[in-house]
Amino acid sequence: MDLRAELMPPPVSRQRLDELGAEIVRIADLVVCGAGTRDEEIAAFNARTGHDYGALDFAEYDGGRDLVEFALEAARPARPRVADVTADELVEIVRKILAGDPESDFYLRLLEANVTHPRVGDLIFRPPAGLRDASAERIVDEALRYRPIAL
């Protein structure tokens, strides 16, 4: 199944990646040096990108991803909501994650933003015994079955 444009990772220009990358390195240097303006710089970066990064995200970004991956994440929506996403589309998103698609990080954020299950990523990466080796359809069924408790 082909996903519609709203569910695909938005393209990001090389110029935008370079700009964000330079800003990430600058803020990481402020964090490592303990500069007094780091919190304001992080808040400004978050306001511009719509994300909620903390000092550790900048100080340790190169431990789990490279600069381009961090910049790409920052350039894209933090919580990409699509109001009318279907179960079939969610299944295709989970398939992409399970297959290790190069855009898996985006697809995981997309999935998390479009289902109410609070730990939908765990259903994929740390599944309970009943979901080990489950199909994408089964994972989506479980995620959609979740209902928050009204307080």
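## Glu73 and the α6–α9 contact in an all-helix model

Glu73 is buried, because its relative accessible area of 17% falls under the 20% cut-off for that class. The structure under discussion is a predicted model, and Glu73 belongs to helix α5, which spans residues 67–75.

The surroundings of Glu73 can be described through its contacts. Once neighbours within four places in sequence are set aside, Glu73 is in contact with His51, Tyr53, Arg65 and Arg109. Pro9 offers a further point of reference: Glu73 and Pro9 are separated by 64 residues in sequence, while their C-alpha atoms are 10 Å apart in space.

The protein as a whole contains nine helices and zero strands. Read from the N terminus, the order of elements is accordingly α-α-α-α-α-α-α-α-α. Along the principal axes, the C-alpha atoms fill a box of roughly 50 × 35 × 30 Å. Of the 151 residues in the protein, 38% are buried. Where contacts link residues at least 6 apart in sequence, 66% of them join residues at least 24 apart.

The confidence of the prediction is summarised below.

| Region | Mean pLDDT |
|---|---|
| Whole protein | 95 |
| Helix α4 (residues 61–64), lowest | 83 |
| Helix α6, highest | 98 |

In addition, 100% of the residues reach a pLDDT of 70 or more. Where pLDDT is low, predicted coordinates should not be read in detail.

Helix α6, the element with the highest mean confidence, also takes part in a contact with helix α9. Two packed helices are described by the angle between their axes and the distance between the axes. How do the axes of α6 and α9 cross, and within what distance do they come? The axes of α6 (residues 87–98) and α9 (residues 136–145) come within 8 Å and cross at roughly 120°. An angle of 65 to 115 degrees would count as roughly perpendicular and one over 145 as roughly antiparallel; α6 and α9 are therefore oblique to each other. The crossing of the two helices, α6 and α9, is right-handed.

Which residues form this contact between α6 and α9? On the α6 side they are Ala87, Leu90, Val91, Val94, Arg95 and Leu98, and these meet Ala136, Glu137, Ile139, Val140 and Leu144 of α9. By class, the residues of the contact of α6 with α9 comprise nine nonpolar, no polar and two charged.

Methods:
Residues numbered from 1 in each chain as written. Predicted model: local features only at pLDDT ≥ 70, side-chain atom pairs only at ≥ 80, totals over all residues. Heavy atoms only, no water. Axes fitted to C-alpha atoms, helices over the stretch in contact; angles between N-to-C directions. Helix = DSSP H or I, 4+ residues; strand = E, 2+ residues; numbered from the N terminus. Parallel < 35°, antiparallel > 145°, perpendicular 65-115°, else oblique. Left-handed = near helix turned anticlockwise from the far one by under 90°. Contact = heavy atoms within 4.5 Å. Nonpolar A, V, L, I, M, F, W, Y, C, P; charged D, E, K, R; others polar. pLDDT = per-residue confidence, 0-100. Buried < 20%, exposed > 50% of the residue type's maximum accessible area, 1.4 Å probe, protein only.
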